[in-house]
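Colleague: I have a structure open and I want to learn to read it. Can you take me through the features one by one?

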Amino acid sequence: MKRKSFYVLFVALLLIVLGACSNSSSSDDGGESSNGDGKIELFSWWTAGGEADGLDALIEQFKEEHPDIEVENAAVAGGAGTNAKAVLANRMQGGDPPSTFQVHGGDELLAGWVAADKMQPLNDLYEENNWSEVFPQELIDMVSKDDNIYAVPVDIHRGNVVFFNSKVFEDNGIEAPTTWDEFLDVADQLESSGVTPLALGDKNVWPATMIFENILLANLGADDFDKLWDGEIGFDDERVVQSAETFKEVLNYVNDDHSARAWQDASQLVSDGEAAMNIMGDWANGYYLSQDLKPNEDYGWAATPGSEGTFMVITDTFGLPKDINNEDQVKEFLTVLGSKEGQDAFNPMKGSIPARTDTDLSNYGEYATDTIKDFKDASLVASLAHGSAAPEQVVTQVNQAVNIFVTQKDVDQFTTSLQDAVDAGTE
Ligand code: GAL
């Protein structure tokens, strides 16, 4: 009996001591991170030209404001998070979250990590920084659930852009196509003059999915595009079948080695003038800028054919995971990331526009000026390829269907698999 009460007392004391330790480690004075060595572990997939530069600039900005807090850049290479998301999932499941991580606003955050109860609300941080006044409501909605706000957007990327090599266009006397029929005409012309019409790097399938989602957007418009992913419009819809047919034709005009290239290697074909066009999010703008290409001289851009007046939104956000030990430090980091200074350090290099509406635009250049205007005027729509329009499971199955379609080009099989993907996700 005596031995037992001594044991209970010992365990109680141990718990008190451990509790005290964990409280002190969440304070500002050098508390420990989830990886236990007192620094912010910043998890993303930004390793390519432009995106890595933006990330470095953001970290520099943070260090300037907080020289006492160490930041570890824990980026995992692979565009669109192909590898990073799997690593993250393992760590989250294993109870070892990074201090903060890149996640797309929309379903990737809300139907993923928030629904799994892995994130902490940031309403207090929004209030302290007056962020509800400076972030567009549409973005706040993409990171909110049941009156709680779960992440801070660092950027706005546009997913419906065609970039082109200005000299190749000039030499061939062509302008950016405004419909997919025009695209196919222009592609014929380019091919006969020995230029690859469209650069594609679908080593990881998502860039091919982006082309297809852009064709869908052109044929359905923003509202109906959205309805596809919650099951309100079926994939037997004539406009979807037509989109698959067009996609099949477009694939005839891509570089032969597309399946060996990543998005940045495909973007490079356009820089080099080997390919004329690239359908990509505007991190490709960051990539071209990182190569010292001059906007409107070396490369130009337009909305993808048929998508003028719409803006496919991709927003990279960062939040506060549960079960980390350095909450206060991470909040300091999020505060810088959401500040004018943080956003103005990051976005001009990243190729994106700031999520805030009140930053200093003097360093942003011509692409951003156009894009900020378009964001204000256009109908906004969330990207499927980047995880905002549907849960991860649907995105994964759609990617699988696209991967098979790129080689087999069977429209019936494709639309059936897409329907299966959405049905499985909405069950
Ligand atoms: C997207 C992300 C962008 C960019 C791109 C390529 O998913 O939102 O910020 O990094 O992947 O890696």
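Colleague: Let's begin with the ligand. How many residues surround the ligand, and which are the closest?

Modeller: One caution before that: this is a predicted model. To read a ligand site, list the residues around the ligand, then look for polar contacts. Here 14 residues surround the ligand. The closest are Glu51, His104, Asp316, Lys350 and His386.

Colleague: And the polar contacts? How far is an oxygen atom of the ligand from an N or O atom in the side chain of Glu51?

Modeller: The distance is 2.6 Å. Two further side chains can be read in the same way. His386 has a polar side-chain atom 2.8 Å from a ligand oxygen. For Trp46, a polar side-chain atom lies 2.9 Å from an oxygen atom of the ligand.

Colleague: Now the empty space. How many cavities of 30 Å³ or more does a search of the whole structure find?

Modeller: A cavity is space where a probe fits but cannot get out. The search finds 3 of 30 Å³ or more. The largest cavity holds about 90 Å³. It is lined by 13 residues, and those closest to its centre are Trp45, Trp46, Glu51, Trp283 and Lys350. Glu51 and Lys350 are also among the closest residues to the ligand.

Colleague: How does the lining of the largest cavity divide by class?

Modeller: Count 6 nonpolar, 4 polar and 3 charged residues.

Colleague: What about the second largest cavity? Which elements give two or more residues to its lining?

Modeller: Those elements are helix 10 (206-229), helix 12 (263-271) and strand 11 (275-280). The space is about 50 Å³. Its lining includes Pro207, Ile211, Trp263 and Met280. By class there are 8 nonpolar and 3 polar residues, with no charged ones.

Colleague: Pockets next. How much space lies in the largest pocket?

Modeller: A pocket, unlike a cavity, is an open set of points. The largest pocket has about 330 Å³ of space. Its lining has 18 residues; Thr82, Trp206, Glu392, Thr396 and Asn399 are the closest to the centre. Helix 3 (84-93) and helix 17 (392-408) each supply at least two lining residues. Helix 17 gives the largest share, 6 residues. The lining divides into 6 nonpolar, 9 polar and 3 charged residues.

Colleague: Which element gives the most to the lining of the second largest pocket?

Modeller: Helix 10, with 5 residues. Helix 7 (137-142) and strand 16 (379-382) also supply at least two each. This pocket has about 270 Å³ of space. Of its 17 lining residues, Asp226, Val381, Ala382, Ser388 and Ala389 are the closest to the centre. The classes are 9 nonpolar, 1 polar and 7 charged.

Colleague: Last, a sheet. What is the strand order in the open sheet of 4 strands?

Modeller: Start with the general idea. Strands of a sheet pair through backbone hydrogen bonds, either parallel or antiparallel. In this open sheet the order is 10-11-9-12, with mixed pairing.

Colleague: Why is one side of strand 10 and of strand 12 left without a neighbour in the sheet?

Modeller: Strand 10 (196-199) and strand 12 (299-303) stand at the edges. Each has a single partner strand, so one side of each has no neighbour in the sheet. From one strand to the next, the twist averages 25 degrees.

Colleague: How many bridges join strand 9 to strand 12?

Modeller: 5 bridges join them, and the two strands run antiparallel. Strand 9 covers residues 161-165. For a marker on screen, find Val162: it stands opposite Ala302 in strand 12.

How values were computed
Residues numbered from 1 in each chain as written. Predicted model: local features only at pLDDT ≥ 70, side-chain atom pairs only at ≥ 80, totals over all residues. Heavy atoms only, no water. 1 Å grid on protein atoms, 1.4 Å probe; cavity = no way out; pocket = protein on both sides within 12 Å on 5 of 7 lines; lining within 4 Å. Points joined across faces, edges and corners; volume = space filled by probe spheres on them. Nonpolar A, V, L, I, M, F, W, Y, C, P; charged D, E, K, R; others polar. Pairing = 2+ DSSP bridges. Axes fitted to C-alpha atoms, helices over the stretch in contact; angles between N-to-C directions. Near = heavy atom within 4 Å. Polar contact = N/O pair within 3.5 Å; in protein donor to acceptor, adjacent residues only side chain to side chain.
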